Amino acid sequence: MGDAGKLMADTLAIARAAAEAAARHSYGKLIAFLAARTRDVAGAEDALADAFAAALERWQVEGVPARPEAWLLTVARRRSIDQMRRRQTGIAAEDHLRLMAEEIEAKDANEGLPDERLRLMFTCAHPAIDAGMRAPLMLQTILGLDAATIASAFLVPPATMGQRLVRAKSRIRQAGIPFRVPEREELDGRLDAVLEAIYAAYAEGWTDPNGSESRRRGLADEAIWLGRLVVSLMPQEPEALGLLALMLFADSRRHARRSPCGDFVPLAEQDIALWDTAMIAEAETLLGKAAGMGKVGRYQLEAAIQSAHAARLDLGATDWTAIASLYAALGALTHSPVVAVNHAVAAALAGRADEALRMLDQVADDPRLAEYQPYWAARAEVLERLGDRAAAAAACHRAIGLEPDPAMRRFLQAKLATLEA
Amino acid sequence: MRYMLLIYANEAAVQGNPDKVKDVSPAYIAYTNAMRDAGILLGGEPLQPTAYATTVRSRSGKTEVLEGPYAETREQLAGYYMIEAPDLDAAIGWAARCPGAENGTIEVRPLWEMRAS
């Protein structure tokens with residue numbers, strides 16, 4: 001490659017790096033700003049994609065502009081107006097865009113783009129959007145993940161996920177779902193939907209702790225990023241702090257959850273040297289701050305349970321009695337059979353296996369548990385402690401049949417072998 | 001945006017119970033007045049029961065006329081309001097106040113705006 005060729009390659013690389021940096025920092029902000037004014041998320045995405053393509057082309061010739069974000073917005077806005085004209089509809093939307101132009105010019109004079117991602121998040125998690133689509137919608141609009149990446153994380157065919165995303169976005173536009181942070185009186189319920197969607201994204205990442213499937217790697221990171229965003233935008237909401245703490249606690253053990261050969265390692269047997277102590281410290285701080293706000297909630301309680309597990313770092317042992325009572329509080333709040341199962345396990349490990357079996361019997365009829373692997377694994381654990389090895393083996397056998405994760409299945413099979421020995 | 005609030009109710013439950021009609025009428029009057037006062041009401045009427053419905057369709061040039069409603073369902077379309085609301089949240093807010101939401105169901109549907117520029 002000659003000097004001229006090298007120079008061109010360098011300019012291209014600089015333009016590309018600048019465009020990528022702008023994409024990482026500004027994508028969600030730009031979508032939120034555009035979509036909140038036109039109510040057209042898909043249109044905003046198209047316009048912004050065009051703007052990024054134009055940036056790659058022009059920045060290598062003209063150099064990277066002083067304010068890349070403002071440059072991208074100006075181009076994207078022009079594209080949006082073109083879209084409107086082509087469709088020959090939506091006079092009101094065109095008015096919005098004209099207003100937006102004035103707004104941008106006014107804003108440009110003093111500070112940067114207003115951050116409206118919170119409004120966009122509430123739109124994505126609106127009750128009129130199917131609950132299962134809220135997390136995918138957020139991952140796409142705020143973070144710019146493509147449909148294929150989201151599809152593989154949620155174990156849905158890419159074309160299906162693509163269609164569902166398109167439908168959800170046109171629903172936002174056609175049904176008139178607003179872009180705004182709800183009023184105080186409905187905020188709690190609506191914020192809950194936002195947090196739930198973020199946690200759903202985290203849980204999808206969580207099922208793949210080693211990131212063995214490369215495309216799924218990092219969805220946990222993306223969810224934590226969204227959690228941080230909510231906390232930065234709503235620092236006075238204890239449940240937002242609680243959710244971020246919960247995800248950080250869980251993530252601090254990511255590398256301890258699998259043995260070097262990929263086998264499942266239960267929490268009690270994890271090597272605490274593999275836990276990320278900086279992450280745990282951050283989670284503790286968040287949880288402490290949330291607790292100081294005097295409004296207990298689901299995520300704070302779950303984070304407190306994780307905090308009690310993390311205390312093994314200092315105490316050398318796990319305080320199962322404390323964990324069992326936290327689960328009792330969580331169960332009283334959520335009435336979840338899944339919480340009841342965890343509560344029973346904690347009680348058994350705290351030395352109260354009789355009580356644990358009664359708890360499991362109480363929820364045994366719940367249809368949600370019939371095919372829930374952890375329920376049968378918990379029964380096996382409790383029955384073993386009570387000395388009923390035959391019944392424990394039967395429960396363990398059932399758990400194996402219900403488990404889709406091979407690593408977890410191997411762990412349960414090893415357990416069954418000891419029960420039958 | 002313009003929205004239709006479609007009120008679905010179990011006709012049988014209402015017909016067998018004239019007192020019930022008397023109970024809800026004042027509530028509907030108050031509700032309609034509240035929407036009018038808020039300046040959002042574009043129109044709205046109650047409908048006669050589906051027993052008086054006639055279904056019409058054209059098939060291969062022939063008009064078929066059938067007695068009865070389009071579909072037999074547990075709840076039937078009993079009336080509608082058309083409102084002007086800034087967004088879905090506002091429309092949902094009005095739907096929730098409809099007396100018919102208590103025992104029946106309100107479907108909120110945006111109108112297909114046919115404006116050309």
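**Chat: helix α17 and its surroundings**

Colleague: Which exposed residues sit on the face of α17(A) turned away from its buried side?
Modeller: A:Asp354, A:Arg358 and A:Gln362. Keep in mind that this is a predicted model.

Colleague: And which residues of α17(A) are buried?
Modeller: The helix runs over residues 353-363 of chain A, and its buried residues are A:Ala353, A:Ala356, A:Leu357, A:Met359, A:Leu360 and A:Val363.

Colleague: Why are they on the same side of α17(A)?
Modeller: Because they cover an arc of only 160° around the axis.

Colleague: What covers them?
Modeller: The cover includes α16 (337-349) and α18 (373-385) of chain A.

Colleague: Let's take α16(A). What do its buried residues pack against?
Modeller: Against α15 (320-334), α17 and α18 of chain A. Among those buried residues are A:Pro337, A:Val341 and A:His343.

Colleague: How far does α16(A) reach from first C-alpha to last?
Modeller: 19 Å for 13 residues, close to the 18 Å expected at 1.5 Å a residue.

Colleague: What happens at the start of α16(A)?
Modeller: A side-chain oxygen of A:Ser336 comes to within 3.1 Å of the backbone nitrogen of A:Val338. Just after the helix, A:Gly351 has a positive phi of about 95°.

Colleague: Domains now. What separates the centres of domain 2 and domain 4 of chain A?
Modeller: 32 Å, taken over C-alpha atoms. Domain 2 is assigned to 116-210 and domain 4 to 319-421.

Colleague: Switching chains. Is B:Ala12 buried or exposed?
Modeller: Exposed, at a relative accessible area of 52%. B:Ala12 lies in helix α1 (residues 11-15) of chain B. Its C-alpha is separated by 33 Å from that of B:Ala38, 26 residues apart along the chain.

Key
Residues are numbered from 1 along each chain as its sequence is written. Chains are lettered from A and ligands numbered from 1 in the order in which they are written. This is a predicted model: local features need pLDDT of at least 70, side-chain atom pairs count only at pLDDT 80 or more; totals for chains, interfaces and linings use all residues. Side-chain values use heavy atoms; hydrogens and water are left out. Buried means under 20% relative accessible area, exposed over 50%, partly exposed in between (1.4 Å probe, protein chains only). Helices (H or I, at least four residues) and strands (E, at least two) are DSSP runs, numbered from the N terminus. The arc is that of the directions from the helix axis to the C-beta atoms. Contact means heavy atoms within 4.5 Å. Domain bounds come from an automatic or database domain assignment. The expected span of a helix is 1.5 Å times one less than its number of residues. A polar contact is a pair of N or O atoms within 3.5 Å; within protein, one must be able to donate a hydrogen and the other to accept it, and residues adjacent in sequence count only if both atoms are side-chain atoms.
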